[in-house]
Amino acid sequence: MTLLMSMSMSMNLVSIIVLVGVSVTFGGVNGLSMGYYLMSCPFVDPIVKNTVNRALQNDPTLAASLVRMHFHDCFVEGCDGSVLIDSTRDNTAEKDSPANESLRGYEVIDDIKEQLENQCPGVVSCADIVAMAARDAVFWAGGPFYDIPKGRKDGTRSRIEDTANLPSPFFNASQLINTFARRGFTAQQMVALSGAHTLGVARCVSFKDRLDGTDPLLSPNFGRTLSRTCSNGDNAIQTFDATADSFDNVYYNALSRGAGVLFSDQTLFASPRTRGIVNAYAMNQALFFLDFQQAIIKMGMLDVKEGRWGQVRRNCRRVN
């Protein structure tokens with residue numbers, strides 16, 4: 001048996017283990033289930049997957065955006081599609097917060113929603129679409145496949161002040177651990193979810209404060225790299241790792257070399273409480289994939305709306 005075949009079989013086994021675990025651990029919780037749309041909208045998964053794949057073929061950088069959108073949705077008002085709602089004259093919504101102004105991919109969600117409304121009107125929630133799109137973006141970028149329980153309902157609240165719940169790029173490891181713990185996550189799950197930074201970029205405005213010479217975690221060599229990026233302005237971008245469009249463990253290897261872009265990235269290696277987890281993921285991509293799968297499925301269960309507490313929006317950008 002070749003090494004490639006052995007690795008492939010190992011990763012398939014990892015996916016099978018996770019899917020079995022998910023069915024046992026999460027199936028039916030909060031009224032969600034794997035087969036929620038089996039009778040009411042049986043083609044929901046291929047519609048989401050095919051639309052995401054087409055979008056990413058045209059613009060691979062959208063993979064990072066779709067995963068980040070899911071995180072920013074769930075960590076504010078729960079996984080309820082609130083990040084999709086447009087601001088109105090009377091309300092500034094989450095998406096117009098400085099923390100969300102670089103989010104992209106809303107048009108992908110709109111495209112999926114339009115197709116699903118044509119196939120099965122009023123059935124599939126925007127919250128489920130966001131979760132499924134993130135799942136398919138991870139897999140398209142080379143990450144693990146995982147399935148998710150479905151049946152989330154859409155929320156009716158989206159306020160800019162609620163985005164204060166999002167972790168800051170300036171947090172140290174203790175602050176990150178405490179922030180995630182309040183949402184029910186362990187330190188290991190927090191480090192695994194941070195691995196989503198294997199995709200995408202950061203803007204200079206989120207790390208330029210590290211360049212004033214007072215950041216003990218910033219190596220001189222990497223500091224010069226970040227300074228060159230920021231010489232092009234606050235909106236200049238720096239990739240989190242060398243493979244910004246591929247879901248892999250290169251992010252953790254970057255942290256071990258002192259090349260974490262955000263302070264909240266590099267602190268994971270600097271802190272004794274999380275350094276061992278970073279090293280483990282840097283050495284073992286399969287372990288990272290397994291832990292990431294479990295953590296992101298758990299994240300997708302945060303404060304799920306159901307019954308009269310939610311709705312299925314006809315248009316993801318506004319409440320019915």
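This report describes helix contacts and selected residues in a predicted model.

## Helices H3 and H5

Helix H3 covers residues 62-77 and helix H5 covers residues 126-140. Their axes are 8 Å apart, and the two helices pack at an angle of about 140°. An angle of this size falls outside the ranges for parallel, antiparallel and perpendicular packing, and H3 and H5 are therefore oblique to each other. Their crossing is left-handed.

On the H3 side, the contact is made by Ala63, Leu66, Val67, Met69, His70 and Asp73. On the H5 side, Val130, Ala131, Ala133, Ala134, Ala137 and Val138 take part. Sorted by class, the residues of this contact are ten nonpolar, one polar and one charged.

## His72 in helix H3

Helix H3 also holds His72. In an unreviewed entry, UniProt lists His72 under "active site". Is His72 buried or exposed? The relative accessibility of His72 is 9%, and the cut-off for buried is under 20%, so His72 counts as buried.

Leaving aside neighbours within four places in sequence, His72 is in contact with five residues named here: Glu94, Ala99, Asn100, Leu103 and Leu166.

## Cys79 after helix H3

Cys79 is located in the loop between H3 and helix H4, which spans 106-119. With a relative accessible area of 1%, Cys79 is buried.

Which residues does Cys79 touch, when those up to four places away in sequence are not counted? Among them are His70, Asp73 and Cys74. Others on the list include Ala127, Arg152 and Lys153, as well as the run Met299, Gly300, Met301, Leu302 and Asp303. His70 and Asp73 also belong to the contact of H3 with H5. Between the C-alpha atoms of Cys79 and Ala187 the distance is 21 Å, and the two residues are 108 residues apart in sequence.

## Helix H7 and its surroundings

Helix H7 runs over residues 187-194 and is mostly covered, with six of its eight residues buried. The buried residues are Gln189, Met190, Val191, Ala192, Leu193 and Ser194. Their cover includes helix H6 (173-181), helix H9 (250-256), helix H10 (263-270), helix H11 (275-283) and helix H12 (285-299).

H6 packs against H7 at an angle of about 105°, with the axes 9 Å apart. Angles of 65 to 115 degrees count as roughly perpendicular, which means that H6 is roughly perpendicular to H7. In this contact, Leu176, Ile177 and Phe180 of H6 meet Ala187, Met190 and Leu193 of H7. By class, the contact of H6 with H7 has six nonpolar, no polar and no charged residues.

## His197 after helix H7

In the loop between H7 and strand E1 (201-203) lies His197. UniProt, in an unreviewed entry, gives the feature "binding site" at His197. The relative accessible area of His197 is 25%, so this residue is partly exposed.

Where neighbours within four places in sequence are left aside, His197 is in contact with Phe240, Asp241, Tyr251, Leu262 and Asp265. Tyr251 falls within the range of H9, and Asp265 within that of H10.

## Helices H11 and H12

H11 and H12 pack at an angle of about 115°, and their axes are 5 Å apart. From H11, the contact involves Ala280, Tyr281 and Met283. From H12, the residues are Gln285, Leu287, Phe288 and Asp291. This contact of H11 with H12 divides into five nonpolar, one polar and one charged residues.

The loop between H11 and H12 contains Asn284. Asn284 has a relative accessible area of 36% and is therefore partly exposed. Asn284 and Asn249 are 35 residues apart along the chain, and their C-alpha atoms are separated by 7.9 Å.

## Asp303 after helix H12

Asp303 is in the segment after H12. What is the phi of Asp303 near? The angle is near 45°, a positive value in a residue other than glycine. Asp303 counts as partly exposed, because its relative accessibility is 41%. Asp303 is also one of the residues that Cys79 touches, and Cys79 is itself buried.

Note on methods. Residues are numbered from 1 along each chain as its sequence is written. This is a predicted model: local features need pLDDT of at least 70, side-chain atom pairs count only at pLDDT 80 or more; totals for chains, interfaces and linings use all residues. Side-chain values use heavy atoms; hydrogens and water are left out. Axes are lines fitted to C-alpha atoms, for helices over the stretch in contact, and angles run from 0 to 180 degrees between N-to-C directions. Helices (H or I, at least four residues) and strands (E, at least two) are DSSP runs, numbered from the N terminus. Angles under 35 degrees count as roughly parallel, over 145 as roughly antiparallel, 65 to 115 as roughly perpendicular and the rest as oblique. A crossing is left-handed if the near helix is turned anticlockwise from the far one by less than a right angle, and right-handed if clockwise. Contact means heavy atoms within 4.5 Å. Ala, Val, Leu, Ile, Met, Phe, Trp, Tyr, Cys and Pro count as nonpolar, Asp, Glu, Lys and Arg as charged, and the others, Gly among them, as polar. UniProt positions are given in the numbering used here, feature names are shortened, and annotations may be inferred rather than shown by experiment. Buried means under 20% relative accessible area, exposed over 50%, partly exposed in between (1.4 Å probe, protein chains only).
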